[in-house]
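Here are my notes on this model, as numbered points. Please read them with the structure open.

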Amino acid sequence: MPSTKEIRGKIKSVQNTRKITKAMEMVAASKMRKAQDRMFAARPYGDKIRVICSHLARANSEYKHPFLVKHEGTKKIGLILVTTDKGLAGPLNTNIQRLVLHKIKDWSAEGYSIEATALGNKGLGFLQRLQANVVSQAVQLGDRPNLDRLIGAIRIQIQAYVEGKVDSVHLAYSRFVNAMKQVPVVEQILPLTDSHLDAADKRDHSWDYLYEPDAETVLDALLKRYVEALIYQAVAENMASEQSARMVAMKAASDNAKKLIEELQLVYNKTRQAGITKEITEIVGGAAAVS
């Protein structure tokens, strides 16, 4: 049985750990609110531009943008994986990595190879462990999504699709639902499809538009904004998910530390009581022997 000094040391250590986890919980809660505000502010724009571009994918136009042209034959798929830079976020990174791993296995079974882009340290490490072909990366993204830091890594995937080096480009990230739930998502962003149209928007006939000044100028500008909006929204969703998951994980750690302290305190009291009882017994025994 450990001595009372050792138990006191363990209690002190757990108390110090609980102070750290409690502080991290409070910091994550503060950052989560700001991350949620940025994410909710960006969602309407992102959702609307997805629908517009989905309509464009079905529209008849004299100009076909490269993003609207399906490629086949290269047997390569571009993958953009969005994860966190730091750990201590519960199962957030594990869930998206597990989903991506299943997707990679399915693609490999169909004969496709992967050219990956990592946004975040955890995703980069995961792809390196898989020995995937990482063509670009962006790490240390901070607490705010910044397109200037992201677009360089993303442009390599976009250029590869435009040049026909990959058949499609997919985006993997954690979609924020609420503070307790984040859903891993893998969706195709290139070529454009009508997958984002709901039942009311899907029609038997294709859409047609009048372009001003011309189709090429409008589509080039709009589809560039489409890709930027998707990437920004995915990173914003992932950052909100990260802070929420970290807050929940640190709260669970603080609660577990509190329970452990109570258990150690009980063991300490029992050990101390046993020591006192032993001393009293020795004193009584010694007094009886003397008398």
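1. Start with I80. Its bridge partner in strand 4 is L171. The model is predicted, so treat this pairing and the points below as computed from it.

2. Strand 1 covers residues 76–82. Strand 1 and strand 4 run in the parallel sense, and five bridges link them.

3. What is the sense of the pairing between strand 4 and strand 5? It is antiparallel, over nine bridges. Strand 5 spans residues 181–190. Within strand 5, L190 is the residue that stands opposite V169.

4. The connection from strand 4 to strand 5 is a hairpin. Two residues make the link.

5. How many residues of strand 4 are buried? Eight of the eleven are, and the strand is mostly covered. Strand 4 spans residues 168–178. Strand 4 thus has two partners to check on screen: strand 1, in the parallel sense, and strand 5, in the antiparallel sense.

6. Now the pockets. The largest has a volume of about 320 Å³. Its lining counts 21 residues, and those closest to the centre are K86, D143, E242, Q243 and R246. Two elements each give two or more residues to this lining: helix 1 (4–58) and helix 5 (215–290).

7. Which element gives the most to the lining of the largest pocket? Helix 5 does, with six residues. By class, the lining holds eight nonpolar residues, seven polar ones and six charged ones.

8. The second largest pocket has a volume of about 230 Å³. Its lining is made up of H65, F67, I151, R155, I158, Q159, D220, L223, K224, V227 and E228. Helix 4 (147–162) and helix 5 are the elements that give two or more residues here.

9. Helix 5 again deserves a look. In the second largest pocket, helix 5 gives the most to the lining, with five residues. The classes in this lining are five nonpolar, two polar and four charged.

10. For a final pass, follow helix 5 through both sites. Helix 5 gives six residues to the lining of the largest pocket and five to that of the second largest. Helix 1 is the other element giving two or more residues to the largest pocket. For the second largest pocket, that other element is helix 4.

Note on methods: Residues numbered from 1 in each chain as written. Predicted model: local features only at pLDDT ≥ 70, side-chain atom pairs only at ≥ 80, totals over all residues. Heavy atoms only, no water. 1 Å grid on protein atoms, 1.4 Å probe; cavity = no way out; pocket = protein on both sides within 12 Å on 5 of 7 lines; lining within 4 Å. Points joined across faces, edges and corners; volume = space filled by probe spheres on them. Helix = DSSP H or I, 4+ residues; strand = E, 2+ residues; numbered from the N terminus. Nonpolar A, V, L, I, M, F, W, Y, C, P; charged D, E, K, R; others polar. Buried < 20%, exposed > 50% of the residue type's maximum accessible area, 1.4 Å probe, protein only. Pairing = 2+ DSSP bridges.
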